[in-house]
There are 4 protein chains.
Amino acid sequence: MKGSRKEQIRQAAITVIAQEGFHGATTDKIAAQARVAVGTIYNYFKNKEDILAHIFAVEYEKRLHFFTRLEEEDIHPLDKIKGILTMHFAGVRENPNLVRVILEEKNFFHRYYERGPDCDQCLQGFLEQVINRGVGEGKLRPCDPEMVAVVLFGFIEAIMGRYLCISNGGDDNDFLEAAVNEIIALLAEGLVSA
Amino acid sequence: MKGSRKEQIRQAAITVIAQEGFHGATTDKIAAQARVAVGTIYNYFKNKEDILAHIFAVEYEKRLHFFTRLEEEDIHPLDKIKGILTMHFAGVRENPNLVRVILEEKNFFHRYYERGPDCDQCLQGFLEQVINRGVGEGKLRPCDPEMVAVVLFGFIEAIMGRYLCISNGGDDNDFLEAAVNEIIALLAEGLVSA
Amino acid sequence: MKGSRKEQIRQAAITVIAQEGFHGATTDKIAAQARVAVGTIYNYFKNKEDILAHIFAVEYEKRLHFFTRLEEEDIHPLDKIKGILTMHFAGVRENPNLVRVILEEKNFFHRYYERGPDCDQCLQGFLEQVINRGVGEGKLRPCDPEMVAVVLFGFIEAIMGRYLCISNGGDDNDFLEAAVNEIIALLAEGLVSA
Amino acid sequence: MKGSRKEQIRQAAITVIAQEGFHGATTDKIAAQARVAVGTIYNYFKNKEDILAHIFAVEYEKRLHFFTRLEEEDIHPLDKIKGILTMHFAGVRENPNLVRVILEEKNFFHRYYERGPDCDQCLQGFLEQVINRGVGEGKLRPCDPEMVAVVLFGFIEAIMGRYLCISNGGDDNDFLEAAVNEIIALLAEGLVSA
DNA sequence: GATGAATGAGACTTCATTCAT
DNA sequence: CATGAATGAAGTCTCATTCAT
């Protein structure tokens with residue numbers, strides 16, 4: 001599976017789409033990057049959109065799996081949130097291209113596959129659950145969990161977007177670490193001076 | 001200007017792009033929506049991308065103007081932030097299509113016009129300034145202003161994105177008001193229970 | 001007539017077509033060069049091709065008039081030929097743009113107006129007549145007058161084409177004078193050494 | 001190569017361009033003539049102009065090759081010139097369409113590809129060399145070789161142009177043979193009666 | 001007559017997809 | 001399964017021409 005032909009094409013597609021956008025990524029370019037003939041792509045994918053769908057599906061599974069494991073751990077909700085942040089930021093460091101694709105093409109993807117796997121919904125839903133339980137257990141102050149989930153989701157996207165923007169080529173790990181700390185601080189204390 | 005031919009085309013383009021995405025918005029569809037011949041579009045715009053650039057430019061000017069006025073007011077930084085939130089959320093209520101275009105096509109736009117007017121940078125820069133001053137005046141606790149600006153920016157985008165997602169057709173004004181309150185509460189107190 | 005609106009447009013068209021070719025010469029460009037609105041062109045010309053036809057017609061009349069006068073003069077055929085050469089080379093010096101248009105667009109013109117005024121036929125016919133008479137009067141050696149006319153015609157075109165090619169901007173009058181002499185010498189003595 | 005797809009398209013383009021001119025020759029017409037889909041053209045040519053460029057390039061190579069061989073032969077300059085004439089006239093008999101394209105579209109071609117292969121320059125350069133040597137060896141009378149080369153070039157073009165004009169459909173081989181003889185006679189004796 | 005905004009047919013080109021080898 | 005030449009629908013853009021002012 002790891003080194004399979006399908007995987008090879010998926011990786012190539014991620015690279016090309018990250019560089020050129022989904023519409024700029026022609027099947028010719030993807031095939032060239034994968035060192036494969038154009039026709040071969042169609043042995044593994046129904047059409048071009050299907051490649052994108054597969055990229056989203058794999059990512060979705062990955063996150064779902066992570067959330068499922070995190071859910072079972074018995075730790076403070078803030079630590080769960082920290083875990084999510086860490087997971088996402090590790091992802092962007094490890095494969096910025098993949099994250100770029102997910103961030104930039106999700107709109108197109110959702111327009112096309114209205115009922116496809118929704119990474120955002122998955123993340124927001126899990127955040128909401130964490131917050132809900134935290135409030136129920138008295139560990140978080142009363143709030144509107146859905147709204148706070150949306151807000152936390154916004155954090156993550158913004159930080160990843162910003163990272164992709166500033167770290168063109170060279171890494172900037174400090175940025176991501178600082179981001180985690182700043183967010184946790186914000187959740188812990190707010191922004192207003194005591 | 002308001003009812004001019006160029007404005008007519010801009011409005012039509014916003015509608016079509018919001019529905020179909022920039023690539024799905026063919027010049028034929030835009031012309032039809034504007035009740036104009038295809039050729040007429042090219043009397044006012046260099047090419048299709050130029051329409052998008054114009055949409056962004058108009059929006060950029062609008063926001064810049066708002067920020068400039070808000071900057072001069074002598075109010076608590078949290079109120080300035082509240083002002084920005086209110087402004088953005090009023091915008092999404094008033095013309096959801098426009099906001100959808102800005103949110104969904106900014107990646108494409110920046111890939112294409114690397115040095116075009118950047119609404120995001122503009123917003124982030126202003127937020128950073130507000131926070132920086134707030135910290136300097138002792139009204140906000142010490143923090144990394146750039147990072148917090150990014151985070152606040154994430155709020156706004158996420159809320160607007162969510163609103164566009166759930167309010168398909170019918171409004172949901174309560175959502176946006178609740179969002180403002182929740183964010184202000186978060187900034188004021190954090191999330192952890194006292 | 002000289003400064004009339006129609007003449008103004010004809011001159012502008014010559015300039016633009018010489019620079020950009022007939023197909024590159026848009027009606028907009030011609031109108032701009034003539035400092036006139038596009039619509040005005042259509043008050044004087046049926047369509048774009050008609051402008052070209054008019055340019056050829058004027059040129060045709062000019063040459064026909066010259067030939068008619070030259071025909072009546074009682075001079076040696078070689079001097080008549082010299083007169084034709086001089087007339088053509090004066091033309092190219094005086095208005096290279098016009099000559100460029102005649103040379104470059106005649107193919108298109110004849111394809112379009114199969115039975116329009118044919119400057120080439122006019123010139124060749126006259127040359128043929130001059131040679132025919134010259135032979136009849138014993139002033140020229142026996143030959144195939146049609147063929148020699150074609151050949152002389154080729155001289156003129158080639159010299160003008162070459163002149164237009166080498167005299168970009170700056171004049172090169174010596175070239176044209178040298179050409180006349182060389183051609184007359186060729187007709188007088190041939191090329192082979194005695 | 002001979003029956004290759006690219007060659008097939010080149011031949012079709014020659015046919016269509018000869019009939020309709022380069023601008024009248026739409027890609028659709030060329031594709032239809034080549035019995036190929038439009039898209040196929042673009043698998044072998046960058047764009048429409050590139051087809052013309054290829055036609056000129058092939059022709060250029062053909063002529064260059066011929067000149068190179070002729071150059072080495074040790075014969076009287078007049079015979080070399082006769083060889084060139086014969087070669088060109090054979091070409092026009094064999095493929096009038098090709099010659100029509102070369103003659104009619106060279107202006108457009110040179111406007112577009114300012115530094116493309118120049119059949120005319122090639123021919124004129126070679127003629128100049130032949131004449132120069134002939135004069136040096138005392139076989140031709142003293143003259144301005146460049147000018148005479150231009151003039152000879154004019155012969156060739158004019159004769160070919162005339163042939164294409166009169167031989168619409170039916171051949172007229174006598175014309176071309178007569179032309180060669182007439183030109184050689186002209187070069188040998190001039191035009192004036194002794 | 002002059003104007004120039006509007007028109008829309010038609011040209012070029014791209015590229016996802018197919019299918020014979 | 002792999003290949004990649006062929007396909008042609010569809011999109012962008014141009015520009016000669018018209019016509020209301």
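C:Glu182 and D:Arg141 form a salt bridge across the contact of chain C with chain D, with 3.9 Å between the closest N and O atoms. The cut-off for such a pair is 4 Å between a side-chain nitrogen of Lys or Arg and a carboxyl oxygen of Asp or Glu, so the pair of C:Glu182 and D:Arg141, at 3.9 Å, is counted. The model is predicted, and the distances quoted here are computed from it.

Between chain D and chain C the count is six salt bridges. The elements that give two or more residues to the side of chain D that touches chain C are α1 (5-24), α6 (96-112), α7 (119-136), α8 (145-166) and α9 (173-189) of chain D. The largest share of that side comes from α8(D), which supplies eleven residues. By residue class, the side of chain D that touches chain C divides into 24 nonpolar, ten polar and eleven charged residues.

The contact as a whole takes 45 residues from chain D and 45 residues from chain C. Together the two chains, D and C, bury about 4000 Å², and carbon and sulfur atoms account for 61% of this area. There are also nine residue pairs in polar contact between chain D and chain C, counted where both residues are at pLDDT 80 or more.

Chain A can be followed on its own. Its secondary structure comes to nine helices and zero strands, so that from the N terminus on the elements run α-α-α-α-α-α-α-α-α. Along the principal axes, the C-alpha atoms of chain A fill a box of roughly 60 × 35 × 30 Å. Of the contacts in chain A with a separation of 6 or more, 68% are between residues 24 or more positions apart.

Chain A has 194 residues, and 52% of them are buried. The area that chain A exposes is about 8800 Å², with 48% of it supplied by carbon and sulfur atoms.

Over all chains the count comes to 46 salt bridges, and several in chain A can be placed on its helices. One of these joins the side chains of A:Arg10 and A:Glu7, at 2.6 Å from N to O. These two residues are separated by about one helical turn, because they are three residues apart in helix α1 (residues 5-24) of chain A. A:Arg10 and A:Glu7 are both buried.

Helix α6 of chain A holds another pair. A:Glu104 forms a salt bridge with A:Arg100, the closest N and O atoms lying 3.8 Å apart. Here the spacing is four residues within helix α6 (residues 96-112) of chain A, which means that A:Glu104 and A:Arg100 are also separated by about one helical turn. A:Glu104 and A:Arg100 are buried.

Where does the salt bridge of A:Lys139 with A:Glu137 stand, buried or partly exposed? The closest N and O atoms of A:Lys139 and A:Glu137 are 3.3 Å apart. A:Lys139 counts as partly exposed because its relative accessibility is 30%. A:Glu137 has a relative accessibility of 49%, and therefore it too counts as partly exposed. The upper limit for this class is 50%, so A:Glu137, at 49%, is not counted as exposed.

Salt bridges in chain A also occur in a network, which links A:Glu59, A:Lys62 and A:Arg63.

Conventions: Residues are numbered from 1 along each chain as its sequence is written. Chains are lettered from A and ligands numbered from 1 in the order in which they are written. This is a predicted model: local features need pLDDT of at least 70, side-chain atom pairs count only at pLDDT 80 or more; totals for chains, interfaces and linings use all residues. Side-chain values use heavy atoms; hydrogens and water are left out. Contact means heavy atoms within 4.5 Å. Buried area is the accessible area (1.4 Å probe) that two parts lose on being put together, summed over both. A polar contact is a pair of N or O atoms within 3.5 Å; within protein, one must be able to donate a hydrogen and the other to accept it, and residues adjacent in sequence count only if both atoms are side-chain atoms. Ala, Val, Leu, Ile, Met, Phe, Trp, Tyr, Cys and Pro count as nonpolar, Asp, Glu, Lys and Arg as charged, and the others, Gly among them, as polar. Buried means under 20% relative accessible area, exposed over 50%, partly exposed in between (1.4 Å probe, protein chains only). Accessible areas come from the Shrake-Rupley method with a 1.4 Å probe; for residues, only the protein chains shown count as cover.
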